[in-house]
Amino acid sequence: MTFATDFFLDEPFLVFVACWGSGKTLLMITKAKELNELGEKVLILVFLNGKEIEEGQKSLLILDLEEKLKEYQNVTVKGVRYMELSGDDYYMKDVDGNDLSTDGYDHIFVDEYFEDLIKLNKKSIKKFKELIKGKKTVWVSLSNSYNKPTVPEIGS
């Protein structure tokens, strides 16, 4: 018997667009564990709105992933603070304030990336593309918003 997840787990490039609790992260964890067993290095990036979270803070999702994957030596979980600054500048570093790099990883999983990415700073979109370029596996989950709509926007 073949399940739909069997198909997903073999895909090198995926974009998940779904609501919270639909299993996107679970699929990423499953694939990360599989790649770890093959000796492959995996980086899981969890995007956070830098306007809402301070440097050094981790979301519950990051803490949960770290706990679930602590026995998997080839899997690294990093929180990414993203913040648009004045003008066309932006801030995108790990939660500890370090420069963000995907060097040394062939498999990148991005969780909680911003579904309103078309509205994001153009330089930051270019940087994001550089982070995932040339990787063997790139899975991106779009389920967070950076520019949350206002009440009037929701009403209209």
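The following exercises, with worked solutions, concern the fold of a predicted model.

**Exercise 1.** Determine how many helices and strands the protein chain holds, and in which pattern they follow along the sequence.

*Solution.* Counting the elements gives 5 helices and 6 strands in the protein chain. Reading along the sequence then yields the pattern α-β-α-β-α-β-β-β-α-β-α.

**Exercise 2.** Establish the strand order of the sheet, and explain why strand 1 and strand 4 each have one side without a neighbour.

*Solution.* The 6 strands form an open sheet in the order 1-6-5-2-3-4, and the pairing is mixed. Strand 1 (13–17) and strand 4 (90–94) stand at the edges; each has a single partner strand, so one side of each lacks a neighbour in the sheet. On average, neighbouring strands of this sheet are turned by 15 degrees against each other, direction ignored.

At one edge, strand 1 pairs with strand 6 (residues 137–144) in the parallel sense, over 5 bridges. Within this pairing, phenylalanine 13 has valine 138 of strand 6 as its bridge partner.

**Exercise 3.** Identify which strands helix 3 and helix 4 touch.

*Solution.* Helix 3 (residues 60–68) packs on the sheet and touches strand 2 (42–49), strand 3 (75–84) and strand 5 (107–114). The direction of helix 3 makes about 165 degrees with that of strand 2. Helix 4 (residues 122–132) also packs on the sheet, touching strand 2, strand 3, strand 4, strand 5 and strand 6. The direction of helix 4 makes about 30 degrees with that of strand 4.

**Exercise 4.** State what percentage of the protein chain is buried, taking buried as under 20% relative accessible area.

*Solution.* Of the 156 residues in the protein chain, 43% are buried. The protein chain exposes about 9000 Å², of which carbon and sulfur atoms supply 54%.

Notes:
Residues are numbered from 1 along each chain as its sequence is written. This is a predicted model: local features need pLDDT of at least 70, side-chain atom pairs count only at pLDDT 80 or more; totals for chains, interfaces and linings use all residues. Side-chain values use heavy atoms; hydrogens and water are left out. Two strands pair if DSSP finds at least two bridges between them. Helices (H or I, at least four residues) and strands (E, at least two) are DSSP runs, numbered from the N terminus. Axes are lines fitted to C-alpha atoms, for helices over the stretch in contact, and angles run from 0 to 180 degrees between N-to-C directions. Contact means heavy atoms within 4.5 Å. Buried means under 20% relative accessible area, exposed over 50%, partly exposed in between (1.4 Å probe, protein chains only). Accessible areas come from the Shrake-Rupley method with a 1.4 Å probe; for residues, only the protein chains shown count as cover.
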